[in-house]
Amino acid sequence: MADTGEGKKEEAEYKRLHTFPLIRHSDMPEEMRVEAMELCVTACEKYATNNESAAKMIKEVMDKKFGSSWHVVIGEGFGFEITHEVKNLLYMFFGGSLAVCVWKCS
């Protein structure tokens, strides 16, 4: 019994270590990247059980702040190949396995 409790404690600590955002690739300017990353983290925390609502929130805010034609994909275990405008791509992980891809193309 003591082993199971200790195992759960270690698992909880492991999950806590990986809740920070990890930028995998970005060609955005520094200021835009920081704003987009903070927005993604906020949306993913607010809509933890609904990726579609989180993506919609990110898209709407990015459209208002940086002009229209932003696209957002949030999920686990997906691949993609996209065409995007230069300096308008962010691909990051949040909470361990949740991936967020934000890009602009017109």
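The helices and strands named on this tour are DSSP runs, of at least four residues in state H or I for a helix and at least two in state E for a strand, numbered from the N terminus. With that reading, N50 is in the loop between α2 and α3, and this loop residue can be the starting point in the viewer. The model is a predicted one.

**The chain as a whole**

Select the protein chain, and three helices and four strands can be picked out, arranged from the N terminus on in the order α-β-α-α-β-β-β. Colouring by accessibility brings out the buried residues, which make up 28% of the 106 residues in the chain. Among the contacts between residues at least 6 apart in sequence, 57% join residues at least 24 apart.

Return now to N50, which is partly exposed, with a relative accessible area of 32%. Select G75 along with N50: the two are 25 residues apart in sequence, and their C-alpha atoms are 10.0 Å apart in space.

**The nonpolar cores**

Which residues touch the most other members of the largest nonpolar core? Select I58, M62, I74, V100 and V102, which hold that place among the 22 residues of this core. The elements that each supply at least two of its residues are α2 (30–46), α3 (51–66), β2 (70–75), β3 (89–94) and β4 (98–104). Of these, α2 gives the most, with seven residues. In soluble globular proteins, nonpolar side chains tend to be buried together.

Centre the view on V102 and display what surrounds this residue: beyond residues up to four places away in sequence, V102 touches C40, I58, M62, W70, H71, V72, N88, L89 and L90. A second core, separate from the largest one, consists of five residues, and L89, A99, C101 and W103 are among them.

**The strands**

Select β3 next, a strand that is mostly covered, since five of its six residues are buried. On one pairing, β1 (residues 22–26) runs antiparallel to β3 over four bridges, and L22 can be found opposite F93 of β3. The other pairing to display is that of β3 with β4, also in the antiparallel sense, where six bridges join the two strands and F94 stands opposite L98 of β4. Three residues lie between the strands in the hairpin of β3 and β4, and there G95 takes a positive phi near 70 degrees.

From the hairpin, move to F20, placed in the loop between α1 (2–17) and β1. Apart from its neighbours within four places in sequence, F20 is in contact with F93, F94 and G95, yet F20 remains partly exposed, with a relative accessible area of 45%. A C-alpha to C-alpha distance of 8.0 Å separates F20 from G96, although their positions lie 76 residues apart in sequence, counted as a separation.

**A buried lysine**

Follow β4 to K104, which belongs to that strand. What is the nearest side chain of opposite charge to K104? It is E85, 4.4 Å away, and K104 is buried yet has no salt bridge, because the cut-off for a salt bridge is a side-chain nitrogen within 4 Å of a carboxyl oxygen. Showing the contacts of K104, with neighbours within four places in sequence left out, brings up F66, G67, S68, S69, W70, H84, E85 and N88.

**Positive phi outside glycine**

S69, one of the contacts of K104, is found in the loop between α3 and β2. Its phi is positive, at about 80 degrees, although S69 is not a glycine, and S69 is partly exposed, with a relative accessible area of 23%. Most residues other than glycine have a negative phi. A further case to select is K87, in the loop between β2 and β3, whose phi is positive at about 65 degrees although K87 is not a glycine either.

**The cysteines**

Finish by displaying the sulfur atoms. How many disulfides are there? The count comes to zero, for a pair of cysteine sulfur atoms would have to be within 2.5 Å. For C44, the closest cysteine sulfur is that of C40, 6.3 Å away, so a bond is ruled out by distance; C44 counts as buried at 6% relative accessibility. For C101, the closest cysteine sulfur is again in C40, and at 9.5 Å it is too far for a bond, while C101 is buried with a relative accessible area of 1%.

Note on methods: Residues are numbered from 1 along each chain as its sequence is written. Side-chain values use heavy atoms; hydrogens and water are left out. A nonpolar core is a set of buried Ala, Val, Leu, Ile, Met, Phe, Trp, Tyr and Cys residues joined through side-chain atoms within 4.5 Å. Buried means under 20% relative accessible area, exposed over 50%, partly exposed in between (1.4 Å probe, protein chains only). Contact means heavy atoms within 4.5 Å. Two strands pair if DSSP finds at least two bridges between them. Lys and Arg count as positive and Asp and Glu as negative; His and the chain ends are not counted.
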